[in-house]
Amino acid sequence: MSKNPVVVVDSFTKVYGDGTKIGPISLHVYEGEVYGLVGPNGSGKTTTLRAILGLLKPSGGKVSVYGLNPYSHPEKVNQKIGYSPEIPNYPPFFTAEKLLRVTCSMKKIFGKDADNEVRRVLDLTGLVNHADRKIGNFSKGMVQRLSIGQALVGDPPLLVLDEPMLGVDPVGRAHIRDVLTQLRKQGKTIIFSSHELYEVQRLSDRVAMVYRGKTVFEDMVMNLLNNSSHTKVVAELAAEPDGKLAKALEEITGVLKVVIEANRVVIHVDSSLDPREKIAEKIVKLGYGLREFRLSQPSLEEVFINRVRESVGG
């Protein structure tokens, strides 16, 4: 990871004509990392990406890409960026190969160089066998892969992908995941937005979370998961418990919530207090029999929900 960030968004704000305000949003993206920009629909993800692309002028704050203001220097910045929009809209009568050749022409890639580039992109996105197929007959997942492929034409070092998994079935998601994994191995810097935190957790090195138009936090994914103040303890019991156990466990300092699922008890705890020993002792003392007792790492979705609750005061 380079010392200086490739993309800097510093206290960015955008105020629209109707008074709607996005921001302040801040993030830093370093060379060679996969960076997830996450949050609910309408939280400001797409607005932030459009600012990075130079498609809108910030109302306040600063945005820079490779040290340049993308709004003031769009041509220089766009030479370094490949972009896949949230909802790609292609002529349905175009084939995948035709679309990529048109894109090559727009980027001044011609002749054998264009032939090689189209072949490279089709191979990378797994669409070689569909090169002559009309886009109107593509599945949603295939269209999204083609959109990523179009962003790859010219081999830009930075990719900006807006909701690449949106509306894609599980098979299509697996294909897109494979493509992004290959691009990471090639050293590409990738920024992708999503409201689906499971995919972000699987793919990203670092993540920024935005909520109601503001940055909630930015950090390494592993740091967020390992340093979460909310953790779950899972206990598998020999006998099915009743409300008596839940009440007894909730009285322990550091226990936040108890959920009983048949013979399985999930105890949400404050990890800074680590009440695991007291929980185990209480279960055994009440005679339920302990078959398994383990700590369960929170998901990125759980971390996000907890951080949002903290930021808005519960």
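This report walks through the overall build of the chain, its open sheet, and a few backbone oddities.

**Overall build**

Keep in mind that this is a predicted model. The chain has 314 residues, and 46% of them count as buried. Its C-alpha trace spans about 80 × 45 × 40 Å along the principal axes. On the secondary-structure side, you get 11 helices and 13 strands. If you look at contacts with a separation of 6 or more, 68% come from residues 24 or more positions apart.

As for the surface, the accessible area of the chain comes to about 15,500 Å², and carbon and sulfur atoms own 48% of that. Charge-wise, there are 42 positive and 36 negative side chains. The centres of those two sets sit 4 Å apart.

**The open sheet**

Now for the sheet. Six strands line up in the order β5-β6-β7-β3-β8-β9, making an open sheet with mixed pairing. The edges belong to β5 (81-84) and β9 (214-220); each has a single partner strand, so one side of each goes without a neighbour in the sheet. From one strand to the next, the twist averages 15°.

In general, strands of a sheet pair through backbone hydrogen bonds, either parallel or antiparallel. Here, β6 (residues 158-162) and β7 (residues 189-194) run parallel and are joined by 5 bridges. To pick out one residue pair, D162 has S193 in β7 as its bridge partner.

Two helices lie across strands of this sheet. Helix α5 (residues 140-152) lies across β5 and β6, and runs at about 165° to β5. Helix α6 (residues 170-185) lies across β3 (34-38), β6 and β7, with an angle of about 150° to β7.

**Backbone oddities**

Which two residues does a cis peptide bond join? They are G23 and P24, with omega at about 5°. P24 sits in strand β2 (residues 21-29).

Then there are S11 and Y66, which have positive phi values without being glycines. Here they are side by side:

| Residue | Phi | Place | Relative accessible area |
|---|---|---|---|
| S11 | about 55° | strand β1 (residues 7-15) | 36% |
| Y66 | about 50° | loop between β4 (60-65) and α2 (74-78) | 30% |

Are these residues buried or exposed? S11 is partly exposed, because its relative accessible area of 36% falls between the 20% and 50% cut-offs. Y66 is partly exposed too, with its 30% falling between those cut-offs.

Methods: Residues numbered from 1 in each chain as written. Predicted model: local features only at pLDDT ≥ 70, side-chain atom pairs only at ≥ 80, totals over all residues. Heavy atoms only, no water. Helix = DSSP H or I, 4+ residues; strand = E, 2+ residues; numbered from the N terminus. Buried < 20%, exposed > 50% of the residue type's maximum accessible area, 1.4 Å probe, protein only. Contact = heavy atoms within 4.5 Å. Areas by Shrake-Rupley, 256 points an atom, 1.4 Å probe, with all protein chains shown as cover. Lys, Arg positive; Asp, Glu negative; His and termini not counted. Charge placed at Lys NZ, Arg CZ, Asp CG, Glu CD. Pairing = 2+ DSSP bridges. Axes fitted to C-alpha atoms, helices over the stretch in contact; angles between N-to-C directions.
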